[in-house]
Amino acid sequence: MEKSYIFIILFLGAMFMLQYFLTFLQMNSFKEYFRKFIKEGKVAIGIKKGGFKSGSIVMFGVDENGTIRNAAFINGITVFARFKENNDFNNINIKDIDKEVLAGTKFPKSLKQAILNAKDNYLRAERGEEIPMEKSPLQKFSGLIKKEAE
């Protein structure tokens with residue numbers, strides 16, 4: 001019986017290390033595109049957290065006039081997802097992106113929401129406002145538990 005516990009602990013430890021390594025690779029992918037885009041101007045980032053559904057992160061490289069010069073997206077559930085460049089929004093002003101523009105695309109819903117979040121974040125930053133961070137699913141769940149306990 002004791003050997004099975006050791007095996008389970010070693011297995012869970014190995015899975016934790018694998019997840020850590022894959023998350024590290026994913027963050028390096030993010031940093032690579034961020035560095036590339038920031039050299040050419042401003043960077044607008046939009047996030048749609050997924051929880052158990054597909055989440056998305058969008059990064060737009062934007063010039064001083066608000067024109068999108070570069071775009072990269074990541075969309076998926078697992079740490080296996082990687083950023084991919086996309087040219088669909090190149091030479092479009094970020095202020096012109098809205099639900100109607102996105103309706104003509106085949107992007108997943110979470111990616112469309114992240115694109116709109118990037119636009120909103122860009123406009124807030126342009127006005128000098130603070131950009132609020134969306135709570136993670138775990139933070140939302142813990143907030144529900146605290147409310148019920150009160």
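How many bridges join E2 to E3, and in which sense do the two strands run? Eight bridges join them, and the strands run antiparallel. The points below start from that pair and work outward. Please keep in mind that this is a predicted model.

1. **The sheet as a whole.** Four strands make up an open sheet. Their order is E1-E2-E3-E4, and the pairing is antiparallel. Strands E1 (42–48) and E4 (84–85) stand at the edges. Each has a single partner strand, so one side of each is left without a neighbour in the sheet. As background, strands of a sheet pair through backbone hydrogen bonds, either parallel or antiparallel.

2. **E1 with E2.** Seven bridges hold this pair together. E2 covers residues 55–62, and E1 and E2 run antiparallel. To find the register, look at Ile 47: its bridge partner in E2 is Ile 57.

3. **E2 with E3.** Here the count is eight bridges, again with an antiparallel run. Gly 55 has Gly 76 as its bridge partner in E3. The two strands form a hairpin, with five residues between them. Check Gly 66 in the turn, which has a positive phi of about 90°.

4. **E3 with E4.** Two bridges join these strands, in the antiparallel sense. Phe 73 is a useful marker, with Lys 84 as its bridge partner in E4.

5. **Helices on the sheet.** Helix H1 spans residues 2–38. H1 lies across E1, E2, E3 (68–76) and E4. Its direction is at about 20° to E2. Helix H3, residues 109–126, lies across E1, E2 and E3. H3 runs at about 135° to E1.

6. **A nonpolar surface patch.** Ten residues are worth displaying together: Tyr 5, Phe 7, Ile 8, Phe 11, Leu 12, Met 15, Leu 18, Phe 21, Phe 24 and Leu 25. They form a nonpolar patch on the surface. Together they have about 1000 Å² of accessible area. Take Phe 24 as one of them. Phe 24 lies in helix H1. Its relative accessible area is 43%, so Phe 24 is classed as partly exposed.

7. **Asn 91.** Where does Asn 91 sit? Asn 91 is in the loop between E4 and helix H2 (99–103). Its phi is positive, about 70°, although Asn 91 is not a glycine. Is Asn 91 buried or exposed? At 58% relative accessibility, Asn 91 counts as exposed.

8. **Leu 102.** This residue belongs to helix H2. With a relative accessible area of 2%, Leu 102 is buried, because the cut-off for buried is under 20%. Which residues does Leu 102 touch, leaving aside its neighbours within four places in sequence? Its contacts are Phe 89, Ile 97, Lys 112, Ile 115 and Leu 116. Leu 116 is 14 residues from Leu 102 in sequence. In space, the two are 9.0 Å apart, C-alpha to C-alpha.

9. **Salt bridges: Arg 69 and Asp 63.** The structure holds six salt bridges. In general, side chains of opposite charge can pair when their charged atoms come close. One of the six joins the side chains of Arg 69 and Asp 63, at 2.8 Å from N to O. What is the exposure of each partner? Arg 69 is partly exposed, with a relative accessible area of 38%. Asp 63, at 8% relative accessibility, counts as buried.

10. **A salt-bridge network.** Asp 120, Arg 124, Arg 127 and Glu 129 are linked in a network of salt bridges. Start with Arg 124 and Asp 120. Their closest N and O atoms are 3.0 Å apart. Both residues lie in helix H3. They are four residues apart, about one turn of the helix. Arg 124 is partly exposed at 24% relative accessible area, and Asp 120 counts as partly exposed at 32%. Next come Arg 127 and Glu 129. Their salt bridge has its closest N and O atoms 2.8 Å apart. Arg 127 counts as exposed at 53% relative accessibility, whereas Glu 129 counts as partly exposed at 36%.

Terms used: Residues numbered from 1 in each chain as written. Predicted model: local features only at pLDDT ≥ 70, side-chain atom pairs only at ≥ 80, totals over all residues. Heavy atoms only, no water. Pairing = 2+ DSSP bridges. Contact = heavy atoms within 4.5 Å. Axes fitted to C-alpha atoms, helices over the stretch in contact; angles between N-to-C directions. Patch = residues over 30% accessible without salt bridge, like charges linked within 9 Å, V, L, I, M, F, W, Y side chains within 5 Å. Areas by Shrake-Rupley, 256 points an atom, 1.4 Å probe, with all protein chains shown as cover. Salt bridge = Lys/Arg side-chain N within 4 Å of Asp/Glu carboxyl O. Buried < 20%, exposed > 50% of the residue type's maximum accessible area, 1.4 Å probe, protein only.
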